[in-house]
Amino acid sequence: MRYNVLAMDDNFTLYKTMLVIRRFEERLLSEFSTGKIVGTTHAYIGQEADAAGIFSVVDTEDVVFSNHRCHGHFLAYGGEAYQLAAELMGKASGLVGGRGGSQHIHWRNFYSNGIQGGIVPIAAGMALAEKERNTGKIVLVFIGDGTLGEGSLYESMNIAALWKLPILFVLEDNHYAQTTPVEKAVAGSMSARFTAFGIPVWERETSDVLEVRSLAMEAAASARSGTGPACLILHTHRFSAHSKGDDPRSPEELARIHKIDPLTIHGLRLATEEFPRAASEVAEIVNNAFDRASLDPFPELCSEY
Ligand SMILES: Cc1ncc(C[n+]2csc(CCOP(=O)(O)OP(=O)(O)O)c2C)c(N)n1
Ligand SMILES: [Mg+2]
């Protein structure tokens with residue numbers, strides 16, 4: 001079901017998209033304790049405004065390269081919760097037949113890979129292909145603050161700028177790379193890394209989906225204009241652990257960031273009767289996804305392997 005892309009410009013739909021991500025990830029984390037999930041996972045809880053805002057402005061035909069924290073991006077892109085849940089359970093009905101798991105998914109023009117920075121040169125190559133074929137599409141590539149330490153990012157930025165590739169770098173700075181705080185890993189300015197290559201930057205510390213949406217609209221328009229790459233830097237917070245339990249943050253820090261909740265911020269714009277409606281519609285999507293996927297068969301084992 002594609003419940004948002006392009007038409008996702010009203011407050012209720014933006015809220016519902018963020019709530020789908022939140023409830024999906026909460027259910028996913030709870031399913032770990034039942035042993036139904038295969039492999040690892042990284043929840044997007046707290047960062048929902050980024051995905052919902054960005055995918056409310058990109059075109060359905062644009063190409064997306066996501067990273068290890070990809071579920072929120074995928075759901076906001078319009079991906080089906082059921083197929084994602086099935087993939088996470090290793091089921092044959094999953095996005096890639098149950099063989100990719102949480103970090104390696106593909107659907108339509110959406111790709112994800114768990115190797116930090118590994119997707120960036122591939123995204124640049126895809127942007128070159130789109131440019132050569134004159135399709136008008138842009139390529140989005142998502143990275144985290146910790147991925148600023150990967151050399152392949154800078155090689156890709158250089159080529160993308162030189163060749164004026166239609167690529168939008170989206171940097172989600174959630175202030176941590178696994179357990180390492182950004183202050184201990186990233187020297188100097190984040191935006192200057194991009195502007196050094198002549199790449200224009202749109203940057204904001206925000207968890208407000210409407211602010212993300214308006215910045216993303218400008219950054220995506222720039223990437224689509226033929227002038228070369230653009231960059232969107234969003235300073236945000238993840239509420240859950242890096243993966244499952246690896247969280248060095250103090251209770252005080254967690255309490256402070258939980259006050260900056262994208263659902264609460266955007267919820268102020270909704271009418272009272274819209275909350276139960278969103279809750280029941282989202283519960284149906286998420287419960288159906290996991291309940292249905294859990295009944296599906298596993299893929300056949302392949303004798304060649
Ligand atoms: C090349 C590489 N090195 C290490 C890892 C292990 N790893 C997975 S996620 C992660 C931290 C990523 O931090 P960041 O880029 O800030 O993204 P976030 O997890 O905060 O969303 C690490 C070290 C990896 N996946 N790939
Ligand atoms: Mg990070």
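Which backbone nitrogen lies 2.8 Å from a polar atom of the side chain of Glu 274? It is the backbone nitrogen of Ala 271, as the first of the following legends describes. The model is predicted, and local features need pLDDT of at least 70, side-chain atom pairs count only at pLDDT 80 or more, and totals for chains, interfaces and linings use all residues. Residues are numbered from 1 along each chain as its sequence is written, chains are lettered from A and ligands numbered from 1 in the order in which they are written, and side-chain values use heavy atoms, with hydrogens and water left out.

**View 1. Surroundings of Glu 274 in helix H11.** Glu 274 belongs to helix H11, residues 274-295. Helices (H or I, at least four residues) and strands (E, at least two) are DSSP runs, numbered from the N terminus. Glu 274 is buried yet has no salt bridge, and Arg 277, the nearest side chain of opposite charge, is 4.5 Å away. Here buried means under 20% relative accessible area, exposed over 50%, and partly exposed in between (1.4 Å probe, protein chains only). Lys and Arg count as positive and Asp and Glu as negative, while His and the chain ends are not counted. A salt bridge is a side-chain nitrogen of Lys or Arg within 4 Å of a carboxyl oxygen of Asp or Glu. The side chain of Glu 274 has a polar atom 2.8 Å from the backbone nitrogen of Ala 271. A polar contact is a pair of N or O atoms within 3.5 Å; within protein, one must be able to donate a hydrogen and the other to accept it, and residues adjacent in sequence count only if both atoms are side-chain atoms.

**View 2. The open sheet and its edges.** Seven strands form an open sheet of mixed pairing, in the order S2-S3-S1-S4-S5-S9-S8. Strand S2 (106-107) and strand S8 (201-205) stand at the edges with a single partner strand each, so one side of each is left without a neighbour in the sheet. Two strands pair if DSSP finds at least two bridges between them. Strand S1 (residues 63-66) pairs with strand S3 (residues 110-112) in the parallel sense over three bridges, and Ser 66 stands opposite Ser 112 in S3.

**View 3. Strand S4 and its partners.** Six of the six residues of S4 are buried, so this strand is largely enclosed by the rest of the structure. One face carries Val 139, Val 141 and Ile 143, the other Leu 140, Phe 142 and Gly 144, and all are buried. In a regular strand the side chains alternate between the two faces of the sheet. S1 and S4 run parallel and are joined by three bridges, with Val 63 opposite Val 139. S4 also pairs with strand S5 (residues 167-173) in the parallel sense, over six bridges; Phe 169 in S5 is the bridge partner of Val 141.

**View 4. The magnesium ion, ligand 2.** Asp 145 (OD), Asn 174 (OD1) and Tyr 176 (O) coordinate the magnesium ion at 2.1 to 2.2 Å. Asp 145, in the loop between strand S4 (139-144) and helix H6 (151-162), and Tyr 176, in strand S6 (residues 176-177), are 31 residues apart. Both Asp 145 and Tyr 176 are buried. Donors are N, O and S atoms within 2.8 Å of the metal (3.2 Å for Na, K and Ca); water is not among the atoms, so sites may look incomplete.

**View 5. Residues around ligand 1.** Ligand 1 is surrounded by 15 residues, the closest being His 68, Arg 69, Gly 114, Gly 146 and Thr 147. A residue is near a molecule or strand if one of its heavy atoms lies within 4 Å of it. An oxygen atom of ligand 1 is 2.8 Å from an N or O atom in the side chain of Arg 69. The corresponding distance is 3.1 Å for the side chain of Asp 145 and 2.7 Å for the side chain of Thr 147.

**View 6. Salt bridges of Glu 281.** Glu 281 in helix H11 and Lys 16 in helix H1 are 265 residues apart along the chain, and their side chains meet in a salt bridge (2.9 Å, N to O). Glu 281 is partly exposed, with a relative accessible area of 26%, whereas Lys 16 is buried at 16%. Glu 281 forms a salt bridge with Arg 277 as well, the closest N and O atoms being 3.2 Å apart.
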